[in-house]
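Me: Please take a close look at one part of this model, the ligand site. Which residues surround the ligand, and what contacts do they make?

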Amino acid sequence: MTAHIVLFGPPAAGKGTQAKRVAAATGMVPTSTGDMLRAAVAENTPLGQKAAGIMRAGNLVDDAIIMGIINDHLVLGDAPDGALFDGFPRTVAQAEGLDSLLKERGEEVSKVVNIVVPDEILLSRVESRIAETPVAERRSDDSSEALEVRLVAYHEQTVPVMAYYRSQGKLVDVDGTALIDTVTQSILVHLSE
Ligand code: ADP
């Protein structure tokens, strides 16, 4: 059966970086709802116009919109080695939506890799990313204010997703404070188990 993987963790944990590295190593198809939303904002589509302000403030976009973009963009037939989800699912409703979408195909999420990074390290990472990135290249939500909102959304709406997958025996933890390469290797070891 095709194995689909969720990369889970707080904002700025390194999910996007690890998704690219793990996808390159495994042939899995990286699937980032954050990237899909930023593309919609850049193209100024109706969805992008709705999402832009919500993202800039650091809040979560509505579940219905997210399930809509997943339905529109996820081509599971093109992912024989599985999809690698990054930044999705972020609410229990999204996790249930993903389960039913996969179930229709006789597929499922096989593992959820939780990249663990304490809040204070996340804050200092974002502050140095802001300092090192030219203004024109910054993400609209790369600010300490938006990060605080993103962390609240993470703890209130996203952390419950962990219990959802833990109860299914699918959750594994990796130390997200280790070197980038070490994190990638730990993820790959978990995926091969
Ligand atoms: P990060 O992991 O650094 O928070 P993302 O690129 O995953 O960054 O997400 C950026 C923003 O896009 C989020 O703060 C949120 O506004 C929106 N977003 C992305 N994915 C989702 C999702 N699955 N559900 C709701 N909002 C989302």
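Reply: What follows goes through the ligand site, then turns to the aromatic pairs.

The model is predicted. Start with the shell. The ligand has 19 residues around it. T33, R38, N59, R90 and R150 come nearest. By class, the shell holds eight nonpolar, five polar and six charged residues. Among the secondary-structure elements, helix α2, residues 33-42, gives the most to this shell. Its share is four residues.

Now the polar contacts. Two involve arginine side chains. In R38, a side-chain N or O atom is 2.8 Å from an oxygen atom of the ligand. R38 is also one of the residues that come nearest to the ligand. In R139, a side-chain N or O atom is 3.0 Å from an oxygen atom of the ligand. G87 uses its backbone instead: a polar backbone atom there is 3.0 Å from a nitrogen atom of the ligand. These distances fall within the 3.5 Å cut-off for a polar contact.

Next, burial. Taken alone, the ligand exposes 550 Å². The protein buries 96% of that area. The space that the ligand takes is the largest pocket.

Last, the aromatic rings. The count comes to three aromatic pairs. One of them joins F8 and Y154. Their ring centres are 6.3 Å apart, with 45 degrees between the planes. That pair is tilted, because planes from 30 to 60 degrees apart are neither stacked nor edge-to-face. F8 lies in strand β1, residues 3-8. Y154 lies in helix α7, residues 144-166. The pair thus links distant parts of the chain, 146 residues apart.

Definitions and conventions:
Residues numbered from 1 in each chain as written. Predicted model: local features only at pLDDT ≥ 70, side-chain atom pairs only at ≥ 80, totals over all residues. Heavy atoms only, no water. Near = heavy atom within 4 Å. Polar contact = N/O pair within 3.5 Å; in protein donor to acceptor, adjacent residues only side chain to side chain. Areas by Shrake-Rupley, 256 points an atom, 1.4 Å probe, with all protein chains shown as cover. 1 Å grid on protein atoms, 1.4 Å probe; cavity = no way out; pocket = protein on both sides within 12 Å on 5 of 7 lines; lining within 4 Å. Sits in = over half its atoms within 2 Å of the grid points. Helix = DSSP H or I, 4+ residues; strand = E, 2+ residues; numbered from the N terminus. Nonpolar A, V, L, I, M, F, W, Y, C, P; charged D, E, K, R; others polar. Phe/Tyr/Trp six-rings, centres within 6.5 Å; stacked < 30°, edge-to-face > 60°.
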